[in-house]
Amino acid sequence: MSNSSEDNMLTAQTIAHAEEFHEPLAAVMLRVEQELAAMAQLVDHNQSLIARLTWAAGAADTAYVKAMQESDLVSQKLAGIADFLRMIAEAVPADFHVETRRATGKLRLDELVGKIGAGNGDKARGGKHEAGDFDLF
């Protein structure tokens with residue numbers, strides 16, 4: 001066993017692993033499921049509100065009707081994918097872990113970092129967002 005300075009040096013791989021954050025895959029999947037379910041509810045709510053406010057003016061326009069139907073379908077698909085993820089997450093063995101820090105670093109919305117990011121709140125990139133808060137480009 002050598003005691004050279006090379007033994008004490010950190011390799012690029014060691015440094016990269018120090019930045020990683022491993023957590024149970026099921027927990028990550030459940031956070032994504034919750035976000036998808038919330039998005040489905042939001043799309044459904046907004047679609048219903050828009051339809052109620054604009055139906056009289058747009059019902060005769062086939063493009064309008066198609067857009068409203070597609071919005072409803074998006075909501076149903078999001079809810080279905082959320083349910084699917086929840087069922088898969090419940091079946092994932094507890095010892096399955098996944099590195100999430102790199103994926104969190106690729107998220108573009110700070111709100112998502114807090115909701116689904118590494119450690120469910122690697123909130124170094126942003127604070128809590130309340131409903132109605134938004135950035136206008």
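Is glutamate 99 buried or exposed? At 14% relative accessibility, glutamate 99 counts as buried, because the cut-off for that class is under 20% relative accessible area. The structure is a predicted model, and its chain of 137 residues has 22% of them in the buried class. Five helices and two strands make up the secondary structure of the chain, and the points below go from the overall layout to the pair of helices H2 and H3 and then to single residues.

**Overall layout**

- Read from the N terminus, the elements follow the order α-β-α-α-β-α-α.
- Among the contacts in the chain with a separation of 6 or more, 65% come from residues that lie 24 or more positions apart.
- The surface exposed by the chain comes to about 10,200 Å², and 60% of that area is supplied by carbon and sulfur atoms.

**Helices H2 and H3 and the nonpolar core**

- The largest nonpolar core has nine residues in all, namely Ala26, Met29, Leu36, Ala40, Leu78, Ala82, Leu85, Ala89 and Val92.
- At least two residues of this core come from helix H2, which covers 25-58, and at least two come from helix H3, which covers 62-91.
- Methionine 29, one of the core residues, is in contact with Leu85, Ile88, Ala89 and Val92 once its neighbours within four places in sequence are left aside.
- The axes of H2 and H3 come within 8 Å and cross at roughly 165°, which means that H2 is roughly antiparallel to H3, given that angles over 145 degrees are placed in that class.
- The crossing that H2 makes with H3 is left-handed.

**Residues along H2 and H3**

- Alanine 38 belongs to helix H2, and its relative accessible area of 37% makes alanine 38 partly exposed.
- Between alanine 38 and leucine 78 there are 9.0 Å in space, C-alpha to C-alpha, although the two are 40 residues apart in sequence; leucine 78 is itself one of the residues of the largest nonpolar core.
- Glutamate 70 sits in helix H3 and is likewise partly exposed, with a relative accessible area of 40%.
- A C-alpha separation of 9.8 Å is found between glutamate 70 and glutamine 47, which are 23 residues apart along the chain.

**Leucine 112 in helix H5**

- Leucine 112 is part of helix H5, which spans residues 110-116, and at 21% relative accessibility leucine 112 counts as partly exposed, because the buried class takes in values under 20%.
- Not counting residues up to four places away in sequence, leucine 112 touches Glu35, Leu107 and Gly117.
- Leucine 112 and valine 32 are 80 residues apart in sequence, and their C-alpha atoms are 9.5 Å apart in space.

**Glutamate 99 in strand S2**

- Glutamate 99, the buried residue of the opening question, is placed in strand S2, which runs over residues 97-99.
- From the C-alpha atom of glutamate 99 to that of glutamate 23 the separation is 6.6 Å, while along the chain the two residues are 76 residues apart.

Terms used:
Residues numbered from 1 in each chain as written. Predicted model: local features only at pLDDT ≥ 70, side-chain atom pairs only at ≥ 80, totals over all residues. Heavy atoms only, no water. Helix = DSSP H or I, 4+ residues; strand = E, 2+ residues; numbered from the N terminus. Buried < 20%, exposed > 50% of the residue type's maximum accessible area, 1.4 Å probe, protein only. Contact = heavy atoms within 4.5 Å. Areas by Shrake-Rupley, 256 points an atom, 1.4 Å probe, with all protein chains shown as cover. Core = buried A, V, L, I, M, F, W, Y, C linked by side-chain atoms within 4.5 Å. Axes fitted to C-alpha atoms, helices over the stretch in contact; angles between N-to-C directions. Parallel < 35°, antiparallel > 145°, perpendicular 65-115°, else oblique. Left-handed = near helix turned anticlockwise from the far one by under 90°.
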